[in-house]
Amino acid sequence: MLCASGDFVKVYSVSTEETLRLMGGHADLVTGIQLNPHNHMQVSGAEAGWGLIRASKGYAFSLGFCLLCYFLISLRFSLSTLKTKGGDNNFSCVVCHPTEDCIATGHADGKIRLWRNFHHRKEYTYSTLHWHHDIVMDLAFSVEGTRLLSGGVESVLVQWHNESSCQKDFLPRLGSPIEYISMSSDGALCCTLHTDNRITIINSNLRFSRSIQGLIKSRDVKTGLVVDPRTKALVLNGEPGHLQFYSLQSDQQLFSLDIVQRQYIHQAGLKQSDLVKVAFSARGTWLATVEESEEVTDPELQLKLWFYNEETQSFKLNTRINSPHDNHITDMCFRDMNELEEDSLILVTTGRDCVFKVWVMVEDTDPEGNVSWSCDFVGSYHNYQATNCCFSEDGSLLAVSFEETVTVWDSLTWDLKCTFCHPPGNIRNICFGRQTCSKYLIGATDYGFLCCWNLLTCALEWSAHLNVVVLQPDPLSEHIAAVSWLSKESSLFVFKPNEPRPIYIQRNLCKEKILLAAFVPRDEPEIISSEKYYWLRRSQLFFLTDTQELMTLSTKSLEERLTPSSKQLAVEESLPVTPFSLLLGKHRRQQAQEDTELGKPVVHNKQEQASPAVKELLHTPAHVLPSASFLCTIFINSLLISKENKSAEEIADEVEVESEKAEDDSDEEDVTEMEQEDTSHTELLGEMTCKLSKSQEKELRKIRKTDYSWISAF
């Protein structure tokens with residue numbers, strides 16, 4: 001199954017849901033793809049720069065024909081400008097019948113129209129199908145053309161039989177609105193793409209088969225980008241009221257955790273609770289979440305603490321705290337210390353009620369000895385709103401920002417140690433330096449200043465005029481990433497707190513505004529030759545834009561990032577690895593090693609050698625390749641072993657035989673001359689001598705060539 005993803009085309013397995021191949025080459029966003037019906041090795045893609053309209057997605061005959069029909073209908077009949085009975089007849093999608101002169105169009109009023117005789121000015125006809133109460137997002141005909149599939153915001157796939165409104169089937173509760181529908185070439189499967197970035201695979205009998213879930217696009221990512229210390233998955237808002245754990249390695253969702261545990265009602269204007277804050281402890285055993293209603297003046301708040309259960313391999317709710325603050329919670333964090341000591345595990349929350357609160361674990365009175373969380377300390381500063389909080393690397397200090405002021409507290413006694421201020425402007429982000437830079441505190445203001453304070457001297461170390469919207473420290477190094485937004489472009493600055501000059505600058509990183517960022521630790525440090533990118537050695541930096549596009553920085557080129565299976569078109573490379581294939585490969589390696597040890601010659605298959613025909617097939621652009629029927633003869637002939645192509649042993653044997661023949665010819669000439677000489681001698685001397693036969697002469701020559709030097713050793 002092919003799917004456009006950004007500027008790549010991904011190939012998924014419908015049986016295992018794995019990503020088999022990643023095909024690149026587009027310089028812009030891929031908006032459409034099509035498989036050549038005559039050559040399944042060819043894939044055509046459309047980029048955003050083409051300016052294709054969304055309604056041209058459902059092409060059946062060809063892209064050009066469908067576009068022609070779309071414009072023909074819209075220009076000739078001008079349905080898009082008509083308003084009948086309060087309905088909206090604007091076109092939303094179009095698809096061509098695979099065998100008949102018929103076009104199906106979807107409209108904003110939920111109706112489907114089937115057009116015939118559209119090439120006549122006054123004799124066109126159309127029939128109407130109506131079930132959807134809102135816009136029809138997409139349409140697709142079956143391979144034989146007897147069934148029509150439609151989908152929309154109702155999250156229901158509708159199947160129309162024989163173009164009749166009376167004969168239809170439904171597949172409801174698909175989770176989110178349907179954006180696209182596609183049929184397989186054999187008609188056995190159908191897949192739907194949903195607004196939550198999920199692909200649903202459906203059998204021909206309209207039964208659910210499986211789904212492939214990518215990164216869910218939430219309405220608003222209020223939780224930020226958080227990394228799960230256990231799985232190194234990216235954690236953020238998913239479905240309403242849910243927390244999604246997204247694997248960056250497999251590019252799929254690991255699981256979704258229901259935090260709010262309430263049914264979400266898709267209705268505009270309805271005030272409902274949603275997830276707004278998330279924090280993990282250092283080892284990932286504790287998870288803190290904050291959910292609040294959408295009320296602005298008097299929100300309903302809940303703070304929940306979850307404990308990871310090793311037996312069930314999931315988080316279990318431990319403590320629920322109603323109204324932890326009197327107003328919205330702005331930030332929270334755990335103290336990163338040894339979690340084996342329960343006294344060291346602390347959670348801090350800040351709120352618009354002008355206080356920060358410290359939460360600790362206490363033992364319950366029940367005989368089972370369970371623990372729960374309760375408030376241990378409440379702090380404030382001049383009745384200012386608390387906006388941000390963070391702990392130092394060793395957990396001894398807590399920094400809390402109150403509007404324009406940053407306060408530093410002792411995490412053991414909760415005494416106020418010092419304050420920092422850099423007016424004008426409120427503090428937008430704060431973080432402590434790490435490792436060799438742990439004595440520095442970094443802060444960014446909403447007035448466009450980046451400040452660095454020295455905790456030992458309690459003075460400003462340096463400041464820079466920079467409109468920082470994201471400030472993200474690397475947990476495994478001294479580096480800090482700062483993202484600025486200026487003149488409608490995002491720029492990246494990477495620096496160490498002890499050096500005011502950035503070690504890396506990437507201007508115009510993207511045109512979208514970057515809202516969130518996160519450093520994700522690598523499994524193993526990456527080997528980086530360039531000193532410019534050395535700060536990416538242990539962690540990888542990810543960004544999330546305001547359009548909810550997830551981006552990352554890579555030190556490798558596109559060719560290096562693509563896996564071997566994504567660059568090859570061999571069928572065996574696209575198959576999933578099975579235990580049998582692993583066993584067979586191991587057996588072959590062992591057999592080859594035994595043959596080498598025994599001195600057996602290694603026989604190479606000609607198919608493994610580079611064929612000019614195969615190279616030409618793989619390196620020629622897809623849009624200029626001829627049909628597969630034309631290439632088949634050339635490809636098969638390139639695999640055949642020619643009689644003229646002989647092995648090295650055969651050539652050596654032939655050379656030896658030819659040399660022997662040449663020697664025989666020369667020897668025969670010598671024998672003739674000797675015979676002539678012997679005849680003359682016989683005639684002169686009058687005596688008869690014995691003459692050797694040809695076989696004897698040949699045997700004698702072999703004896704002459706034999707090396708008898710070994711006898712001298714005796």
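In this predicted model, a nonpolar patch of about 260 Å² sits on the surface, put together from Phe 635, Ile 636 and Leu 640. Ile 636 belongs to helix H7, which spans residues 628-639. Its relative accessibility comes out at 39%, so Ile 636 falls into the partly exposed class, between the 20% limit for buried and the 50% limit for exposed.

Elsewhere, the chain builds an open sheet from four strands, in the order S38-S39-S40-S41, and the pairing is antiparallel. Strand S38 (468-473) and strand S41 (499-510) sit at the edges, each with a pairing partner on one side only. Going from one strand to the next, the twist averages 20 degrees. As a reminder, strands of a sheet pair through backbone hydrogen bonds, and the pairing can be parallel or antiparallel. Between S38 and strand S39 (residues 480-486), five bridges make up the antiparallel pairing. To pick out a pair, Gln 472 has Ala 481 in S39 as its bridge partner.

Strand S40 (residues 489-496) is home to Ser 490. Here the picture is quite unlike a surface patch: Ser 490 has a relative accessible area of 1%, so this serine counts as buried, the cut-off being under 20%. Leaving aside residues up to four places away in sequence, Ser 490 touches Val 483, Ser 484 and Trp 485, along with Arg 507, Asn 508, Leu 509 and Cys 510. Glu 512, Lys 513 and Ile 514 complete the list of its contacts.

Methods:
Residues numbered from 1 in each chain as written. Predicted model: local features only at pLDDT ≥ 70, side-chain atom pairs only at ≥ 80, totals over all residues. Heavy atoms only, no water. Pairing = 2+ DSSP bridges. Helix = DSSP H or I, 4+ residues; strand = E, 2+ residues; numbered from the N terminus. Axes fitted to C-alpha atoms, helices over the stretch in contact; angles between N-to-C directions. Patch = residues over 30% accessible without salt bridge, like charges linked within 9 Å, V, L, I, M, F, W, Y side chains within 5 Å. Areas by Shrake-Rupley, 256 points an atom, 1.4 Å probe, with all protein chains shown as cover. Salt bridge = Lys/Arg side-chain N within 4 Å of Asp/Glu carboxyl O. Buried < 20%, exposed > 50% of the residue type's maximum accessible area, 1.4 Å probe, protein only. Contact = heavy atoms within 4.5 Å.
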